[in-house]
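Here's a quick briefing to read with the model open in your viewer. Have a look at the fold first, then go through the points below.

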Amino acid sequence: METMARVTPCSVFDRMIRRIESALYRTSTPDQMATAAASALRPFLGHPGLLTPEQCEPDPERYRPHVLHVAPDGRFSVVALVWMPGQETQVHDHVSWCAFGVHRGAETEVQYELVEEYGGQYLQPVGTVTNRVGAVSALVPPGDIHAVVNSGSELAISIHVYGADVRVVGSSVRHRYDLPVRLAEPILAFAQAMA
Ligand SMILES: [Fe+2]
C-alpha cells in the first residue's frame with residue numbers, strides 16, 4: 001500500500017524565525033544584521049497567529065519579557081515584550097545589535113545622547129517617535145541609548161531580535177542610566193518662551 005508523506009504545517013512563528021535566519025545568513029556586520037532582522041520581522045507583525053495567548057500575558061507590575069526563541073548557536077534571540085498602558089523601561093542601552101517592531105498597540109521611543117561636561121554626565125533627548133503596528137526599528141551600539149513606553153490606551157506587544165543569547169548574557173540591557181535629562185539649548189529656549 002502506498003503511504004503518503006505527512007506534511008507538518010509550519011507555524012507563523014516558525015516562518016518568521018526562518019525568515020530571520022535566512023536574512024542574517026547574508027550579513028556580516030552588526031549594522032547589516034540589525035537592518036536585515038528588522039526587515040525580516042516586518043511582514044509578521046500584527047499577524048493574529050504569531051503568538052500564543054500565554055506569550056501575550058502582561059505583568060501588572062512592569063513590562064513583561066517572554067523569550068520566544070534562541071538560535072541553536074546563540075547568534076540571536078527573539079523576545080516578546082508585553083506592556084500594559086503606561087509601562088516603561090528605564091533609559092538603557094544594549095549588549096548587542098537589536099531589531100524591534102510593534103506587533104500590537106503603540107509604543108513611544110525616546111532616544112538620548114550621553115553628554116559629558118565639566119566632569120559630569122547628563123542625557124540629552126535627541127529624538128522621539130511613536131511606533132504603531134508594523135513599524136520596525138534597528139539599533140546598533142554604541143549610540144543606542146533609549147527608553148520605551150506604552151503610550152497607548154491598550155496592551156502593547158513588541159517583538160525584539162537581539163544579536164546575543166539572552167539566556168547566557170541574562171538581559172539585552174548593557175547599562176541603565178539614572179542621570180539628569182537636559183534639553184538642548186535651542187529647544188530649552190523655545191520651551192521657556194512657550195511657558
Ligand atoms: Fe531597548
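Strand 2 (residues 77-83) and strand 9 (residues 156-162) run antiparallel and are joined by seven bridges. Keep in mind that this is a predicted model. Within this strand pair, Val78 sits opposite Val161 of strand 9.

**The sheet**
- Zooming out, there's an open sheet of five strands, ordered 1-2-9-4-7, and its pairing is antiparallel.
- Strand 1 (64-70) and strand 7 (136-139) are the edge strands; each has a single partner strand, so one side of each is left without a neighbour in the sheet.
- On average, neighbouring strands of this sheet are turned by 20 degrees against each other, ignoring direction.
- Helix 2 (residues 30-41) packs on the sheet, where it touches strand 4 (98-104), strand 7 and strand 9.
- The direction of helix 2 makes about 20 degrees with that of strand 4.
- As a reminder, strands of a sheet pair through backbone hydrogen bonds, either parallel or antiparallel.

**The strand 1 and strand 2 hairpin**
- Six bridges pair strand 1 with strand 2, again in the antiparallel sense.
- One bridge to look at is Val67, whose partner in strand 2 is Val79.
- The two strands form a hairpin with six residues between them.
- In the turn, Gly74 has a positive phi of about 75 degrees.

**Leu139 in strand 7**
- Leu139 is found in strand 7, and it counts as buried because its relative accessibility is 13%, under the 20% cut-off.
- What does Leu139 contact, leaving aside its neighbours within four places in sequence? The list is Ala34, His94, Trp97, Cys98, Phe100, Glu109, Asp144 and His146.
- Leu139 and Pro30 are 109 residues apart along the chain, yet their C-alpha atoms are separated by 9.1 Å.

**The iron site**
- Which residues coordinate the iron ion? His92, His94 and His146 do, each through NE2, at 2.1 Å.
- The donor residues follow the spacing H-x1-H-x51-H in sequence.
- His92 lies in strand 3 (residues 92-94) and His146 in strand 8 (residues 146-149), so this pair ties together parts that are 54 residues apart in sequence.
- Both His92 and His146 are buried.
- Two of the iron donors, His94 and His146, also turn up among the contacts of Leu139.

Note on methods: Residues numbered from 1 in each chain as written. Predicted model: local features only at pLDDT ≥ 70, side-chain atom pairs only at ≥ 80, totals over all residues. Heavy atoms only, no water. Pairing = 2+ DSSP bridges. Helix = DSSP H or I, 4+ residues; strand = E, 2+ residues; numbered from the N terminus. Axes fitted to C-alpha atoms, helices over the stretch in contact; angles between N-to-C directions. Contact = heavy atoms within 4.5 Å. Buried < 20%, exposed > 50% of the residue type's maximum accessible area, 1.4 Å probe, protein only. Donors = N, O, S within 2.8 Å, 3.2 Å for Na, K, Ca; no water.
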